[in-house]
Amino acid sequence: MTAKNQRLTLVLLALAAVAAAALLALSALGDQAAFFYAPSDVARNGLPLGKAVRLGGMVEAGSVRRAADGVTVHFVVTDGRATTPVTFAGIVPDLFREKSGVVAEGQFRPDGAFVATNLLAKHDEKYMPPELAGKMHETKTLEQ
Amino acid sequence: MKRPLPWLPLIGFLVLLAVVAAGLFRPADRVVHSQLVGKPLPDFTLQPLIPGRPGLSRATLTGQGPRLLNVFASWCIPCIAEAPQLLRLKAAGVPIDAIAIRDTAVDVRRFLERNGDPYQRIGDDRDSAVQLSLGSSGVPETFLIDGQGRVVRQYVGDIRPDDVDGLIADWKALK
Amino acid sequence: MIAEAGLAALWIAAALAALQLALAALGLVRPAAPELSAAVRPVAIVQGVLAAAAMLLLIAVFQQSDMSVKLVAENSHSAKPWIYKIAGAWGNHEGSMLLWVTILGLAGGAVALFERQLDERTAIATLGAQAAIALGFYAFLLLASNPFARLYPAPTEGAGLNPLLQDPGLAFHPPTLYAGYVGLSVAFSFAVGALVTRDVEREFARAMRPWVLGAWIFLTIGITAGSYWAYYELGWGGWWFWDPVENASLMPWLAATALLHSVTVLATRDGLRAWTVMLAVVAFSMSMIGTFLVRSGILTSVHAFAVDPRRGAFILALLAIYIGGALTLFALRVGTVRQGRTFELVSREGGLVANNLLLSVILGIVLIGTLYPIVAAGFGVQLSVGPPFFNKAAGPIALLLVAIMGVGPLLRWRRDDLSALAERITWPLVATGVAFVVALLAAMPIGVLPLLGLSLAAGLAVASVAPLWGRNLRRTPLFTWGMVIAHLGIAVSLAGMACDAAFTAERLVALAPGQATRVGPWRVTLDGISPVVADNWSALQARLTVERDEGVRRLYPQSRTFSDPPTTTSESAIATVADGQLYTVLGQPDGQGRWQLRLWWKPFVTLIWAGGALIALGGALSLAGRLMRRRQEAVA
């Protein structure tokens, strides 16, 4: 193989690899990037079904109910204009309480309810954008 | 350029840099803003935290002319940083009330002894409930309240020396 | 006074860096005046010593709990155990930047002291580049992030340290990781130096290789330890969250791994010259992007008081100057780098090129996923890119990379024959097939990625020891052992990841004291809940009895509340057995006398970190082998 040929082959391979990566990344981003919704966004634009999203708002006063199994909670998230019922099975964060801010990660069901796989409660030692609020942020600030 | 290929990495990097710079310098609205700006305060009552200093409620913030409501905590370092600015505001005649977040009387008293005491009333918000109902997600935050108990503005973060004159002007405009 | 002495040391070190840069530049322009070049090395050494002195002085300030220093007041507390006072010195933005610069200075000093193999002109240019980097970061520290700034009036007590940081493993995690990040600056400076003197030769690659290996070992240890820390400290049962902080350490590691392999091609076969130089630039660029854009919180914090807006601009300018400058130099000079030797596609070089391409692709995916939310936020869209994206996009490519890793070391340099290769990879292929069938039969239902992961891990384990077959093990060079063990470590780690993904049993229950539940082969009984108090925290502690065939153990997961600052954390309790770990987390009371418990049985999860340790050990053996070979050559 001559030098020129080899260089050409390597460049072509590299370009193919980069293109493949870009395609893979973009297709996965389309499916998997979790957009941030407030209840009124959903009321306005319809349900984002079939993909992971984040739902943010306040936990409505008097809406938190614990199921009999002791690990499932039901509550309502509001942004002042619209509300969304949320179900979550797991250990809720310490700062989760009524009338406080919350970001729920999970999926919408066709009936408009939200099934959360993770809850992030805002904590107030430092400010942070809503999508980074919660425990994960503490790990982010650890070794700044 | 006869050989464009070697420049590709540089171009790629510059594009990345430009995009990141655009993201960084564009004042992206990512802060949790209070829904209350332009609306009346929610109904709340906070007990006094330190003896001799009255507590705080919706009623005490209504009908008394425009004033500032400062959300602070003794364990918060930016609150120490903004203390001199609050004292300047007090000296300029701006009445300031405070909500102390997750705090104790002993700590707050020590904080005020060291950093000055600009407050007329201090409410005890042990579990952040009122803070959160105000739509405040951190300390310090300061709300400008008009004479009718409506939130006019929300200042997020510590008040810096160059913010003081603007704040006084905002307050005077409401009088 | 100590703080002022530290600040003075920093200023003098910055001045020395400027002097070092000027001397190196003059020395290169005027070869007739060798005394200029001769002065570069001593200056570099003194500069490193001064930077280290500044770091030690900052530690001393923390040790004394001098609350008049702003950094101490914000991040420490007099009631803290002394070891965390030391760690507090770098557990914050300013201190960690100082640590970064200290390691940068020490690395430059080490190059000046030990690097005698490189062509002298290239060595001087390298030290000049190192000084240029250091100068920018000294300026950043002194002008925008002064760690020694005073606070008036001094508070009586500090604000404390993030309780998650109060862990001995984590306290010493940043220095390890930083040694890796900043070690890559040496490779960067070598590349810039070689571009300046147009001297990209085999000698250059041989000189650079130990430095890259050293940095890579630190990175490997740092990532492995960080993963284990996140696993047991966060209480979420996961070992990798694709958090920007984690990605910030993974990206330089991927680039350094690629560089490690391409530098071997350059050193052994004199090929891939331009590509190796490029990778050296990219590796340290990833360190800088990771540290400054991601870890520093510059892009994730929105508040002016959290981050001085000048810092963001400063850092972007530094990145533009260093990365942009190096890439411009590359574009200008790469045409004058002679073409290296050629090779056939089916050859060891070909395998290493494939390794490099795939690693670069993974790197690109991680970079896109990490920066995408930041970019989107700039355009007013809020989104987050989580584990599903990374797993879906990077997972298949990583498995392909593992497959090639099995084949690569069995290829001959320059040219190989496909049928001969087929013979060599028979046994690894058999191992892969057997593992595939066994996993499919024994562990249905199993996901596609875990299934492929388990099969490929088995194949790679066999393939990675294959280079030792038929060799006299005593006469096998240490660096060959290093490669075998590092590749074996990848197989072990991959097996652990696949087992965790495929076989983990999870249980979330609410138990009253006296009640029991089952998770996997374990029976877990909640005996009771009691309060525990320590110096700066109090906790609720669950007493659990966990039983399996071979016996009974007790575990004590806690929910801890720290007083300064007020924060709550979960302390998981873990039972480690030969075939995995039982992981327990205490949740909250449900209001009716029951307590939430989260339990995981994770078979063979420990292999993940054991593999990481093997990888680092392989790197260390390789480094020892290279250094010994170098000494022998020097003697001969």
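A residue is counted here as buried if 20 or more other C-beta atoms lie within 10 Å of its own. By that criterion, in this predicted model, 39% of the 175 residues of chain B count as buried.

**Chain B**

Chain B contains five helices and seven strands, and, read from the N terminus on, these elements follow one another in the order α-β-β-β-α-β-α-β-α-β-β-α. The contacts within chain B can also be sorted by how far apart the partners lie in the sequence: among those between residues at least 6 apart, 77% join residues at least 24 apart.

**Domains and a helix pair in chain C**

For chain C, the domain assignment gives domain 1, which covers residues 1-166, and domain 2, which covers residues 505-604. The centres of domain 1 of chain C and domain 2 of chain C, taken over C-alpha atoms, are separated by 43 Å.

Two packed helices are described by the angle between their axes and the distance between the axes. In chain C, helix α1 (residues 2-29) and helix α2 (residues 34-63) have axes that come within 8 Å and cross at roughly 160°. Because angles over 145 degrees count as roughly antiparallel, α1(C) and α2(C) are described as roughly antiparallel to each other. The crossing of α1(C) and α2(C) is left-handed, and the contact of α1(C) with α2(C), sorted by class, has 27 nonpolar residues, five polar residues and no charged residues.

**Two loop residues with positive phi in chain C**

Which residue of chain C, in the loop between α8 (173-197) and α9 (202-234), is to be considered here? That loop holds C:Arg198, whose phi is near 55°, a positive value in a residue other than glycine. C:Asp270, in turn, lies in the loop between α10 (244-269) and α11 (273-295) of chain C, and the phi of C:Asp270 is near 60°, again a positive value in a residue other than glycine.

The surroundings of these residues can be described by counting neighbours. C:Arg198 has 13 other C-beta atoms within 10 Å and is therefore partly exposed, while C:Asp270 has 15 other C-beta atoms within 10 Å, so that C:Asp270 is likewise partly exposed. The values for both residues are set out below.

| Residue | Phi | Loop in chain C | Other C-beta atoms within 10 Å |
|---|---|---|---|
| C:Arg198 | near 55° | between α8 (173-197) and α9 (202-234) | 13 C-beta atoms |
| C:Asp270 | near 60° | between α10 (244-269) and α11 (273-295) | 15 C-beta atoms |

Technical notes:
Residues are numbered from 1 along each chain as its sequence is written. Chains are lettered from A and ligands numbered from 1 in the order in which they are written. This is a predicted model: local features need pLDDT of at least 70, side-chain atom pairs count only at pLDDT 80 or more; totals for chains, interfaces and linings use all residues. Axes are lines fitted to C-alpha atoms, for helices over the stretch in contact, and angles run from 0 to 180 degrees between N-to-C directions. Helices (H or I, at least four residues) and strands (E, at least two) are DSSP runs, numbered from the N terminus. Angles under 35 degrees count as roughly parallel, over 145 as roughly antiparallel, 65 to 115 as roughly perpendicular and the rest as oblique. A crossing is left-handed if the near helix is turned anticlockwise from the far one by less than a right angle, and right-handed if clockwise. Ala, Val, Leu, Ile, Met, Phe, Trp, Tyr, Cys and Pro count as nonpolar, Asp, Glu, Lys and Arg as charged, and the others, Gly among them, as polar. A residue is buried if 20 or more other C-beta atoms lie within 10 Å of its own, exposed if 12 or fewer, and partly exposed in between; C-beta atoms are placed from the backbone. Domain bounds come from an automatic or database domain assignment. Two residues are in contact if their C-beta atoms, placed from the backbone, lie within 7 Å.
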